[in-house]
Amino acid sequence: MNTFPLTHDQLVELTKKYPTPFYIYDEKGIRDNMKYFKGAFSIFPKFREYFAVKALPNPYILKILESEDCGADCSSLPELILSEKSSITGHRIMFTSNDTPAHEFQTAEKLGAIINLDDITHIPFLKDALGGKMPDTICFRYNPGPLKEGGNAIIGKPEEAKYGLTREQMIEGYKICKAEGVKHFGLHTMVASNELNPDFFVDTAKIVFELVLEVQKEAGVNIEFVDLGGGVGIPYRPGQKKVDLDYVAKNIRKLYDEMIVPAGLDPMEICFECGRPITGPYGWLVTKAIHQKHIYREYIGCDASMADLMRPGMYGAYHEVQVSGKENLPKDHVYDVTGSLCENCDKFAVQRELPKIDDGDLLIIHDAGAHGRSMGFNYNGKLRAGELLLRTDGSVMQIRRPETIDDYFATLDFSGLDGFKA
Ligand SMILES: *Cc1c(COP(=O)(O)O)cnc(C)c1O
């Protein structure tokens, strides 16, 4: 958990201009963090991080990341458009989609994105969508399936995941694309989510490098870049440790020197498409306590709900809750901190030890900078919070306004009701 970048007085002042609830992101934190990521992997001849747009799809954030030399990992048409609007185009876009409609492939190709195929049948599908010509560069997403011995027990159950190609299909896919005139090739895999064990990423790299060598031998294709996906976790809970990227980079570099260099594949670019570790720890959801009720448990009701931040309700995710201005008081109360959805899982915290909360207290929900606002929804007629950006000079700007009732009704035509007989 990172320190919230505003003092209590600054936050109270801010809520006078921007009523709660809102998200706020720390530009300096995001920039420093991106520099750390890049620095760790600067021991490779070529490195690129493609920020997973789905984690925080805001063009102001993407512009900041663009200026830090970051690319964008997209999986839908709106994400492609967001990247383009943020000056991220060409090979700085990785289009890692699945179950993709033809028109999205067409837009990706028009923007010059690297197309990362999720299945072997997508080769003819893509070729057809592009009018009979394959792109110059193609990447395939590998699903390692039930790993043989020597694989890693911590790599969940890829055989149950809908993504990617089998090993045999990978080899076949490269052969087909080579015959179709594709000139440059990448290899992608992503088999983790929110993983904190650094060795996991080293093991993943090993599996990927092994396949790179097999592809060279069996398909006669030299892989020019590997994309190790996302899945780098962040320490949501107290006591958890952030992934040591220097350690990860150094150990992947060792494998690179042992496996990739002797095969004559140096320089091969190492890529990631992380979202969570880039912006997650540098975003906070600020909400106000507006009710408390004392029944079988003690409840604090907030003006935000799970429509703003779905992770705790959806998968019991832990997010640290800070009561602004009460950081030094004893945590001698136990609360369920709730939103207003008619769903009992709408709780930001369950049986959490916190200082005594009074109506009007500002609650800061930590580590909400990735998969936060972007996972929000409108169920129950809830309107999602807006987004603020704390600039490096200390100023605050609104980078997305809160939703309005008009937004919620935008897809309805009430005038049609006039002549409508029920
Ligand atoms: C979600 C996703 C990511 C980003 O994951 P994070 O946990 O945010 O780093 C990257 N690549 C793909 C294909 C994804 O689905």
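A residue is called buried when its relative accessible area is under 20%. In this predicted model, both F41 and F47 meet that description. The two residues also form an aromatic pair: their ring centres lie 4.8 Å apart and their planes meet at 10°, so the pair is stacked. F41 and F47 belong to one aromatic cluster, which further includes F37, F44, F209, Y256 and F272.

In total, the structure holds 18 aromatic pairs. Another of them is formed by F95 and F105, whose arrangement is edge-to-face, with 6.1 Å from centre to centre and 80° between the planes. F95 is part of strand β4 (residues 93–96) and F105 is part of helix α5 (residues 102–110), so this pair ties together parts that are ten residues apart in sequence. Both F95 and F105 are buried.

Aromatic rings also take part in contacts with charged side chains. R141 lies over the face of Y163, at 4.2 Å from the ring centre. In a second case, the charged end of R352 is placed over the ring of Y318, 3.9 Å from its centre.

Strand β15 (residues 362–365) pairs with two other strands. Strand β10 (residues 283–294) is joined to β15 by four bridges, and the two run antiparallel. Strand β12 (residues 321–323) pairs with β15 over three bridges, also in the antiparallel sense. I364 of β15 is the bridge partner of V286 and is likewise the bridge partner of Q322. Within β15, the side chains of L362 and I364 point one way, whereas those of L363 and I365 point the other way. All four of these residues are buried.

The loops flanking this region are linked by charged side chains. Side chains of opposite charge can pair when their charged atoms come close. The count of salt bridges in the model comes to 25. In one of them, K326 meets D358, with the closest N and O atoms 2.8 Å apart. K326 lies in the loop between β12 and β13 (333–338) and D358 in the loop between β14 (347–354) and β15, so the pair ties together parts that are 32 residues apart in sequence. K326 forms a further salt bridge with D361, where the closest N and O atoms are 2.6 Å apart. D361 is also in the loop between β14 and β15, so this contact ties together parts that are 35 residues apart in sequence. K326 is buried, with a relative accessible area of 13%, and D361 counts as buried at 13% relative accessibility. D358, at 31%, counts as partly exposed.

A salt bridge also connects the side chains of R400 and E387, at 2.8 Å from N to O. R400 lies in strand β17 (residues 396–400) and E387 in strand β16 (residues 386–390), so the pair ties together parts that are 13 residues apart in sequence. R400 is partly exposed, with a relative accessible area of 29%, whereas E387 counts as buried at 1% relative accessibility. Elsewhere, E27, R31, K35, E68 and R391 are joined into one network by salt bridges that share partners.

On the surface, L383, I405, Y408, F409, L412, F414, L417 and F420 make a nonpolar patch of about 780 Å². Of these, I405 is located in helix α12 (residues 405–409). I405 is exposed, its relative accessible area being 52%.

Several backbone features remain to be described. Most residues other than glycine have a negative phi, and most peptide bonds are trans. A cis peptide bond joins T20 and P21, with omega about -5°; P21 is found in the loop between α1 (8–17) and β1 (22–26). Another cis peptide bond joins D266 and P267, with omega about 0°. P267 is found in the loop between α9 (245–260) and β9 (269–272).

Positive phi values occur at Q351, where phi is about 50° although the residue is not a glycine, and at N380, a residue other than glycine with phi near 70°. Q351 is found in strand β14, while N380 is found in the loop between β15 and β16. Q351 counts as partly exposed at 38% relative accessibility, and N380 counts as partly exposed at 35%.

How values were computed
Residues numbered from 1 in each chain as written. Heavy atoms only, no water. Buried < 20%, exposed > 50% of the residue type's maximum accessible area, 1.4 Å probe, protein only. Pairing = 2+ DSSP bridges. Phe/Tyr/Trp six-rings, centres within 6.5 Å; stacked < 30°, edge-to-face > 60°. Lys NZ or Arg CZ within 6 Å of the ring centre and 35° of its normal. Patch = residues over 30% accessible without salt bridge, like charges linked within 9 Å, V, L, I, M, F, W, Y side chains within 5 Å. Areas by Shrake-Rupley, 256 points an atom, 1.4 Å probe, with all protein chains shown as cover. Salt bridge = Lys/Arg side-chain N within 4 Å of Asp/Glu carboxyl O.
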